[in-house]
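Subject: The structure I promised you

Hi there,

Here is the structure we talked about, ready for you to open and turn around. Have a look at it, and then read on for what turned up.

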Amino acid sequence: HARLYLLDEATAGMDPVFRVDFYNVLRKILAEGDCSILMSTQLQTDLNRNMDFIARMENGRMVSFEENMA
């Protein structure tokens, strides 16, 4: 029952079918408890489909933070 999950490129190398299942598991974790998930990814499709907020980093600095409106 962690309150914060830190995932670094968690979907890298996953096949597309399992990636859908993985995000469904994350949604279930969020729905069941008072927790947050911080995840890094370079996959634009993952960002647009699955993230509530997006922070963009350049050279180790956050250059934007916004709600995902996709």
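**The β3–β4 hairpin**

Arg56 has Ser64 of β4 as its bridge partner. Before going further, please keep in mind that this is a predicted model. The two strands concerned are β3, covering residues 53–58, and β4, covering residues 61–67; they run antiparallel and are joined by 6 bridges.

The hairpin leaves 2 residues between its strands, and Asn59 takes a positive phi there. The value is near 50°, in a residue other than glycine. As for why that deserves a mention, most residues other than glycine have a negative phi. Asn59 sits in the loop between β3 and β4, and with a relative accessible area of 82% it is exposed.

**A second positive phi, and a neighbour**

Glu9 also has a positive phi, near 50°. Its place is the loop between β1 and α1. How accessible is Glu9? Its relative accessibility is 25%, so Glu9 counts as partly exposed, the range for that class starting at 20%.

Ala10 lies in the loop between β1 and α1, and it is partly exposed as well, with a relative accessible area of 24%. If you want a distance to check on your screen, the C-alpha atoms of Ala10 and Val20 are separated by 12 Å, with the two residues 10 apart along the chain.

**Aromatic pairs**

How many aromatic pairs does a search of the whole structure find? There are 2. One of them is Phe22 with Tyr23: the ring centres are 5.7 Å apart and the planes stand at 75°, so this pair is edge-to-face. Phe22 and Tyr23 are both buried.

Phe53 and Phe65 make a stacked pair, with 5.7 Å from centre to centre and 0° between the planes. Since Phe53 belongs to strand β3 and Phe65 to strand β4, the pair ties together parts that are 12 residues apart in sequence. As for accessibility, Phe53 is partly exposed at a relative accessible area of 48%, while Phe65 is exposed at 56%. The two fall into separate classes because exposed means over 50%.

**Salt bridges**

The search of the whole structure also gives 2 salt bridges. As a reminder of the chemistry, side chains of opposite charge can pair when their charged atoms come close.

In one salt bridge, the side chains of Asp34 and Arg3 meet at 3.2 Å, N to O. This pair links distant parts of the chain, 31 residues apart: Asp34 is in the loop between α1 (16–32) and β2 (36–40), and Arg3 is in the segment before β1 (4–8). Asp34 and Arg3 are both exposed.

Lys28 forms a salt bridge with Glu32, and here the closest N and O atoms are 4.0 Å apart. Both residues are in helix α1, and because they are 4 residues apart, about one helical turn separates them. Lys28 and Glu32 are exposed too.

**Pockets**

The largest pocket holds about 750 Å³ of space. Its lining has 25 residues, and those nearest its centre are Ile37, Leu38, Met39, Met51 and Phe53. You have already met Phe53 as the stacking partner of Phe65. Which elements each supply at least two residues of this lining? They are α1, β2, α2 (44–50), β3 and β4. By class, the lining of the largest pocket has 15 nonpolar, 6 polar and 4 charged residues.

The second largest pocket has about 150 Å³ of space. It is lined by His1, Ala2, Tyr5, Ile29, Glu32, Gly33, Asp34 and Cys35. Two names in that list should be familiar from the salt bridges: Glu32, which pairs with Lys28, and Asp34, which pairs with Arg3. Sorted by class, the lining of the second largest pocket has 4 nonpolar, 2 polar and 2 charged residues.

Happy viewing, and write back with any questions.

Best wishes

Terms used:
Residues are numbered from 1 along each chain as its sequence is written. This is a predicted model: local features need pLDDT of at least 70, side-chain atom pairs count only at pLDDT 80 or more; totals for chains, interfaces and linings use all residues. Side-chain values use heavy atoms; hydrogens and water are left out. Two strands pair if DSSP finds at least two bridges between them. Rings of Phe, Tyr and Trp (its six-membered ring) pair if their centres lie within 6.5 Å; planes under 30 degrees apart count as stacked, over 60 as edge-to-face and the rest as tilted. Buried means under 20% relative accessible area, exposed over 50%, partly exposed in between (1.4 Å probe, protein chains only). On a 1 Å grid over the protein atoms alone, a cavity is a set of points where a 1.4 Å probe fits but cannot get out, and a pocket is an open set with protein on both sides within 12 Å along at least five of seven lines; lining residues have an atom within 4 Å of a point. Grid points are joined across faces, edges and corners, and a volume is the space filled by probe spheres set on the points. Ala, Val, Leu, Ile, Met, Phe, Trp, Tyr, Cys and Pro count as nonpolar, Asp, Glu, Lys and Arg as charged, and the others, Gly among them, as polar.
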